[in-house]
Amino acid sequence: MADDRYVPVFNWPIGELTLSERTKSLAPLWEHIAPLVQPGMRALDLCCGSGAAAFRLEDAGAAVTAIDSSPLLIGEARTEAARRNSAVEFIQADVLDYRFETVAWDLALVLGNPIIDFPPERFGG
Ligand SMILES: C[S@@+](CC[C@H](N)C(=O)[O-])C[C@H]1O[C@@H](n2cnc3c(N)ncnc32)[C@H](O)[C@@H]1O
């Protein structure tokens with residue numbers, strides 16, 4: 001049965017952002033990201049959604065922090081993290097306000113173009 005829940009920030013259907021769908025749609029991109037990942041590096045996945053890229057980064061050996069404002073998508077990511085005994089730190093928060101304890105990252109990803117959803121007034125324009 002189709003899943004017609006919506007992710008509130010920008011009204012995308014959850015169906016396109018589920019972990020299984022994003023794992024498939026991000027697959028062609030991974031060959032470009034994989035060479036950037038070294039075991040032990042600290043990686044940040046901004047606006048991580050359901051965690052598809054975060055889990056791939058972890059599988060490649062990175063220590064991953066991932067953040068998204070959607071409780072629905074972070075919930076899916078955390079459920080999967082528990083299932084696979086993942087150490088990815090999933091944070092549910094607005095990236096525009098969140099104060100990270102870590103201030104240096106080896107790699108930061110922003111996939112799926114979430115920046116178009118940021119309120120223009122937050123850029124001081
Ligand atoms: C198109 S989805 C991409 C998700 C993920 N990066 C991926 O590639 O599967 C955009 C994501 O940005 C998140 N998002 C949008 N604005 C945000 C904000 N201000 N803070 C945190 N997350 C945000 C949404 O909740 C959504 O999960």
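Reader: What relative accessibility does Arg-84 have, and how is Arg-84 counted?
Author: This is a predicted model, in which local features need pLDDT of at least 70 and side-chain atom pairs count only at pLDDT 80 or more, while totals for chains, interfaces and linings use all residues. Residues are numbered from 1 along each chain as its sequence is written, and side-chain values use heavy atoms, with hydrogens and water left out. On the scale used here, buried means under 20% relative accessible area, exposed means over 50%, and partly exposed lies in between (1.4 Å probe, protein chains only). With a relative accessibility of 33%, Arg-84 is therefore counted as partly exposed.

Reader: Which residue forms a salt bridge with Arg-84?
Author: A salt bridge here is a side-chain nitrogen of Lys or Arg within 4 Å of a carboxyl oxygen of Asp or Glu. For Arg-84, the closest N and O atoms of the pair are 3.5 Å apart, and the partner is Asp-59.

Reader: How many residues apart in sequence are the parts that Arg-84 and Asp-59 tie together?
Author: Helices (H or I, at least four residues) and strands (E, at least two) are DSSP runs, numbered from the N terminus. Asp-59, which is exposed at 59% relative accessibility, belongs to helix 3, whereas Arg-84 is in the loop between helix 4 (71-83) and strand 5 (89-92). The pair therefore ties together parts whose distance in sequence is 25 residues.

Reader: Which residue meets Glu-80 in a salt bridge?
Author: The side chain of Glu-80 is buried at a relative accessible area of 13%, whereas its partner is exposed at 63%. Both residues belong to helix 4 and are 3 residues apart, about one turn of the helix. Their N to O distance is 2.8 Å, and the partner is Arg-83.

Reader: Which residues are joined into one network by salt bridges that share partners?
Author: Glu-80 and Arg-83 lie in helix 4. Through shared partners, the salt bridges make one network of Asp-59, Glu-80, Arg-83 and Arg-84.

Reader: How many salt bridges are there in total?
Author: One of them joins Lys-24 and Glu-21 at 3.1 Å, N to O, and these two, 3 residues apart in helix 2, are separated by about one helical turn. Lys-24 is exposed at 55% relative accessibility, while Glu-21 is partly exposed at 33%. By the rule used here, the count of salt bridges is 4.

Reader: Which helix gives the most residues to the largest nonpolar core?
Author: A nonpolar core is a set of buried Ala, Val, Leu, Ile, Met, Phe, Trp, Tyr and Cys residues joined through side-chain atoms within 4.5 Å. In the largest one, of 23 residues, those touching the most other members are Val-37, Leu-57, Ala-62, Val-64, Val-88, Phe-90 and Leu-107. At least two residues of this core come from each of helix 2, helix 3, strand 4 (63-68), helix 4 and strand 6 (107-110). The most, 5 residues, come from helix 3.

Reader: Which residues is Val-88 in contact with, leaving aside its neighbours within four places in sequence?
Author: Contact means heavy atoms within 4.5 Å. With those neighbours set aside, the contacts of Val-88 are Ala-54, Phe-55, Glu-58, Val-64 and Ala-66.

Reader: Which residues line the largest cavity?
Author: On a 1 Å grid over the protein atoms alone, a cavity is a set of points where a 1.4 Å probe fits but cannot get out, and lining residues have an atom within 4 Å of a point. The lining consists of Leu-26, Leu-29, Trp-30, Ile-33, Ala-52, Ala-53, Arg-56 and Leu-111.

Reader: Which helix supplies the largest share of the lining of the largest cavity?
Author: Two or more lining residues of this cavity come from helix 2 (19-33) and also from helix 3 (52-59). The largest share, 4 residues, belongs to helix 2.

Reader: What is the phi of Asn-85?
Author: Asn-85 is in the loop between helix 4 and strand 5, and Asn-85 is exposed, with a relative accessible area of 72%. Although Asn-85 is not a glycine, its phi is positive, at about 55°.

Reader: Which residue in the loop between strand 3 (42-46) and helix 3 has a positive phi?
Author: The residue in question is buried at 17% relative accessibility. Its phi is near 60°, a positive value in a residue other than glycine, and the residue is Cys-47.

Key. 1 Å grid on protein atoms, 1.4 Å probe; cavity = no way out; pocket = protein on both sides within 12 Å on 5 of 7 lines; lining within 4 Å.
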